[in-house]
Amino acid sequence: MRRKTVQLVVCVLTAGLALGAIAGCFGGGDEPEPTVDIQATIDAAVREATPTETPTPEPTATPVPTVAPTPDIAATVAAALAAAQPTDAPPTATPEPTATPVPTNTPVPTNTPVPTPTPTPSPEQSSGPPCIITGEVRIGGSIPPVGTQIFARSKTDSNVVVEAETRDGGKYTLAIPHFDMVFDLFVRGNDSGQDTPATYQGCREIRNLSIG
C-alpha cells in the first residue's frame, strides 16, 4: 500500500511539472521561466511521502529467577562450634564417679569364714622294723624297665598304700610299716594276683609278681 502511494505521488508531480513546462512554452513574455530540477523535486516528494520506519526493538530475554540454596543448618552450627573452640585446647576430662558414702547407721555385713575341711587321719604306723616284701617282676614274661611302679594296698583299709619301684633285673622291695594287715600287690596298677601274709614286725616274705 505504501509503495502504491509513493508511485501515485511521483506520477502526479511528473504530470504537474510537464504541464508547467508546456504552459511556459506557449505563454507570452519576454522573461524566460527558471529551469525546474525535476529529479530533485521528485526525490523531495518521495522523502516526504515515505513514513519514517520506527525500528522494532528486539525482544529482551526474560531472566530466569535464581533459586536460593537451602541452608544446611546442622553444618553451619557444627562449623561455628569448631571455629569457636581453640585448636590447642585439651579434651575435657570425664569426671570420676563419686563413691556414695555408706550411712553410719547401716551395719556392714561380716565376711563368713570359709570352713576348713577336717583332715582325714592317715593310718598310724606301727613302731618297730617294717615287714619286708621282696621279689622279682615279669611283664609278659620279660623283665620290665627300671622304675616300674609296684605298690601294695591293704584289703581292710584301701587308704593304706605302700609304693616301690623296680631295680635292675626287675627286683623290688616293699617296706610295710603297718601290721596285722593283708595287702594286694599291684604292678603298674594291675593286680598281680599275689597277696602278702598278715604283716607283723620284722617279717620277711618273697613274692614274685607277673602280669600280662
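**Figure 1. Arg 207 and Glu 205 form a salt bridge in this predicted model.** The closest N and O atoms of the pair are 3.5 Å apart. The two partners differ in burial class. Arg 207 counts as buried, at 18% relative accessibility. That value is under the 20% cut-off, so Arg 207 falls in the buried class. Glu 205 is partly exposed, with a relative accessible area of 21%. Side chains of opposite charge can pair when their charged atoms come close. The structure holds five salt bridges, and Figures 2 and 3 show others.

**Figure 2. Glu 136 and Lys 171 meet through their side chains in a salt bridge.** The N to O distance is 3.7 Å. The pair links distant parts of the chain, with the two positions 35 residues apart in numbering. Glu 136 sits in strand S1. Lys 171 sits in strand S4. Both ends are partly exposed: Glu 136 has a relative accessible area of 31%, and Lys 171 has 36%. Arg 138 joins these two residues in a network of salt bridges.

**Figure 3. Lys 155 forms a salt bridge with Asp 195.** Their closest N and O atoms are 3.5 Å apart. This pair, too, links distant parts of the chain, and its members are 40 residues apart. Lys 155 lies in the loop between S2 and S3. Asp 195 belongs to strand S6, which covers residues 190-195. Lys 155 is partly exposed, at 45% relative accessible area. Asp 195 is partly exposed as well, at 30%.

**Figure 4. Asp 184 makes a polar contact with Lys 155.** The contact joins the two side chains at 2.6 Å. Asp 184 is found in strand S5. With a relative accessibility of 15%, Asp 184 counts as buried. The value lies under 20%, which means that Asp 184 is in the buried class. Setting aside neighbours within four places in sequence, Asp 184 touches Phe 151, Ala 152 and Arg 153. Lys 155, Gln 194 and Asp 195 are also in contact with Asp 184. Lys 155 and Asp 195, the salt-bridge partners of Figure 3, are therefore both within the 4.5 Å contact limit of Asp 184.

**Figure 5. The largest nonpolar core has 18 residues.** Those with the most contacts inside the core are Ile 133, Ile 150, Tyr 172, Leu 174, Leu 185 and Leu 209. Several strands supply at least two core residues each, among them S1 (131-139), S2 (149-154) and S3 (161-165). Strands S4 (171-176), S5 (183-187) and S8 (209-211) do likewise. S1 and S4 also carry the salt-bridge partners Glu 136 and Lys 171. S5 also holds Asp 184.

**Figure 6. The whole protein has three helices and eight strands.** Along the sequence, the order is α-α-α-β-β-β-β-β-β-β-β. Of the 212 residues, 18% are buried. Among contacts with a separation of 6 or more, 57% join residues 24 or more positions apart. The accessible surface comes to about 16700 Å². Carbon and sulfur atoms account for 59% of that surface.

How values were computed: Residues are numbered from 1 along each chain as its sequence is written. This is a predicted model: local features need pLDDT of at least 70, side-chain atom pairs count only at pLDDT 80 or more; totals for chains, interfaces and linings use all residues. Side-chain values use heavy atoms; hydrogens and water are left out. A nonpolar core is a set of buried Ala, Val, Leu, Ile, Met, Phe, Trp, Tyr and Cys residues joined through side-chain atoms within 4.5 Å. Buried means under 20% relative accessible area, exposed over 50%, partly exposed in between (1.4 Å probe, protein chains only). Helices (H or I, at least four residues) and strands (E, at least two) are DSSP runs, numbered from the N terminus. A salt bridge is a side-chain nitrogen of Lys or Arg within 4 Å of a carboxyl oxygen of Asp or Glu. A polar contact is a pair of N or O atoms within 3.5 Å; within protein, one must be able to donate a hydrogen and the other to accept it, and residues adjacent in sequence count only if both atoms are side-chain atoms. Accessible areas come from the Shrake-Rupley method with a 1.4 Å probe; for residues, only the protein chains shown count as cover.
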